[in-house]
Amino acid sequence: MPADSGIAEAASVLRAGGLVAFPTETVYGLGANALDARAAARIFEAKARPSFDPLISHLADAADLAGLVGAVPPAVAALVERFWPGPLTLIVDRPAAIPSIVTSGLDTMAVRVPDEPSARALIAAAGVPVAAPSANRFGQLSPTRAEHVVAGLGDAVDVVLDGGPTRCGIESTIVDARGERPVVLRLGALPVEALVEAVGPVEIRPGSSGQPVAPGTLAAHYAPRTPLRLGTAESAPGDGGRRGFLAFRERPTAAGWAAVEVLSPEGELTAAAARLFDALHRLDAAGVTEIVAEPVPEVGVGRAINDRLRRAAATWH
C-alpha cells in the first residue's frame, strides 16, 4: 500500500506483533516492534537470518533516545545532534527494555533515526522503537524498491509500504563512539569524510569473521543470486558465455556483454550509490551466468559502494 496513506494500518500491525516493510532513505527495512521478542523473532524467521546477527532499532525522533537508553557519552550525543535524522547508526549500551534477541545477546544496541518522513511517521504512530534490518533474504541484495521486497520475501511480510525508490540506495554507516576515538564498524551512506569533519579522526574497522559486533558486517554479504566478481571491461567474455557488466560511468566498448548497467554516466558517486542495488537486481534477473562489477573511486560514499561489491564477491569466492 502507499507509504503515505498506509501508515495507520501498518502501525497497528506493528503494535500487534506483525511485520511491516517500509522505505527509509537508505534501503527498505523489515520492521517489528523492538520491545517484543516474539515479533523480533519473526524478522529472523522471515529473512532466514542467523540469530547471531543483531538488528538495528529505529526511533521516530532523536529526543526519543534518552527515554529509551538514558544518558549517552558526549561523542555519541554530538553525532546525534549533527547527523540525526540521517543514515548514521550509533552503538549504545542495550537498555533492559530491548530483548536480547534484538541485539543477538550483545550488551550493546544499534540505533538510528531515519531521514525519511514516512518512516518516522510510521514509528511515531506505532509508539514503539522498530527493529528493522533490510527487507530481504539474509545475505542477498538489499531492496531499494517495494517490488524488490515482494519478490524476495513474498507473504512472509504482513504489510509492504511503497514509497518508491530509496534516496541513498545503500545502508547506513555504523559507528561506535563510546570510546576515546569513534570506530566505523560498517561503511555506508554517510561518508567517512563527513564524520571526520564533525568529530576528528576515526578508526575504520569493517568486516567480521565471527559473531558480528554490528549489523551487516559479515565478510560475505549483499550478494546477488548470480556469481559476482570484481573486474574491468578491458576485454569482453571470449568463451561465448552470458555475462553481465556493472560499470561505474562508461559502457564497455567491447562487444560480448549480455547485459550492462551503468551506475552514473556523470561519475557522481551519490547517484551511483542510489542505483547500486537496483542495477544489481536487474543484472540478477537478466539470465546472465556471471556479473563482473567495476570498482568505483575509493573516496566518499565510493568506499561504501566498493565495500558492498567486495562482500558480494566474497560470497562467491
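A salt bridge here is a side-chain nitrogen of Lys or Arg within 4 Å of a carboxyl oxygen of Asp or Glu. With that in hand, here are some close-ups of this predicted model.

**View 1. Asp307 and its two arginine partners.** The side chains of Asp307 and Arg308 meet in a salt bridge, with 2.6 Å from N to O. Asp307 also forms a salt bridge with Arg311, where the closest N and O atoms are 2.9 Å apart. Asp307 and Arg311 are four residues apart in helix α9 (residues 302–315), so about one helical turn separates them. Take a look at the accessibility as well: Asp307 is buried, with a relative accessible area of 5%. Arg308 is buried at 1%, and Arg311 counts as buried at 4%.

**View 2. A network of salt bridges.** Here Arg145, Glu261, Arg275, Asp278 and Arg282 are joined into one network by salt bridges that share partners. If you would like to keep a tally, a search of the whole structure finds 19 salt bridges.

**View 3. The Glu25–Arg112 pair.** Glu25 and Arg112 form a salt bridge, and their closest N and O atoms are 2.8 Å apart. Glu25 sits in the loop between β1 and β2 (28–33), while Arg112 belongs to strand β5 (residues 108–112), so the pair ties together parts that are 87 residues apart in sequence. Glu25 is buried, with a relative accessible area of 0%, and Arg112 is buried too, with a value of 2%.

**View 4. The open sheet and its edges.** Ten strands make up an open sheet with mixed pairing. Following the strands across, you will meet them in the order β7-β1-β2-β6-β3-β5-β4-β8-β9-β10. The edge strands, β7 (159–160) and β10 (203–204), each pair on one side only. At the β7 edge, two bridges join β7 to strand β1 (residues 20–23), and these two strands run parallel. For a handy landmark, find Val20, which stands opposite Val159 in β7.

**View 5. The largest pocket.** The volume of the largest pocket is about 230 Å³. Of the 16 residues that line this pocket, His148, Ala151, Gly152, Arg225 and His281 are the closest to its centre. The elements that give two or more residues to the lining are α6 (146–153) and α8 (269–284). Helix α6 provides the largest share of the lining, four residues. Sorted by class, the lining has seven nonpolar, five polar and four charged residues.

Terms used
Residues numbered from 1 in each chain as written. Predicted model: local features only at pLDDT ≥ 70, side-chain atom pairs only at ≥ 80, totals over all residues. Heavy atoms only, no water. Pairing = 2+ DSSP bridges. 1 Å grid on protein atoms, 1.4 Å probe; cavity = no way out; pocket = protein on both sides within 12 Å on 5 of 7 lines; lining within 4 Å. Points joined across faces, edges and corners; volume = space filled by probe spheres on them. Nonpolar A, V, L, I, M, F, W, Y, C, P; charged D, E, K, R; others polar. Buried < 20%, exposed > 50% of the residue type's maximum accessible area, 1.4 Å probe, protein only.
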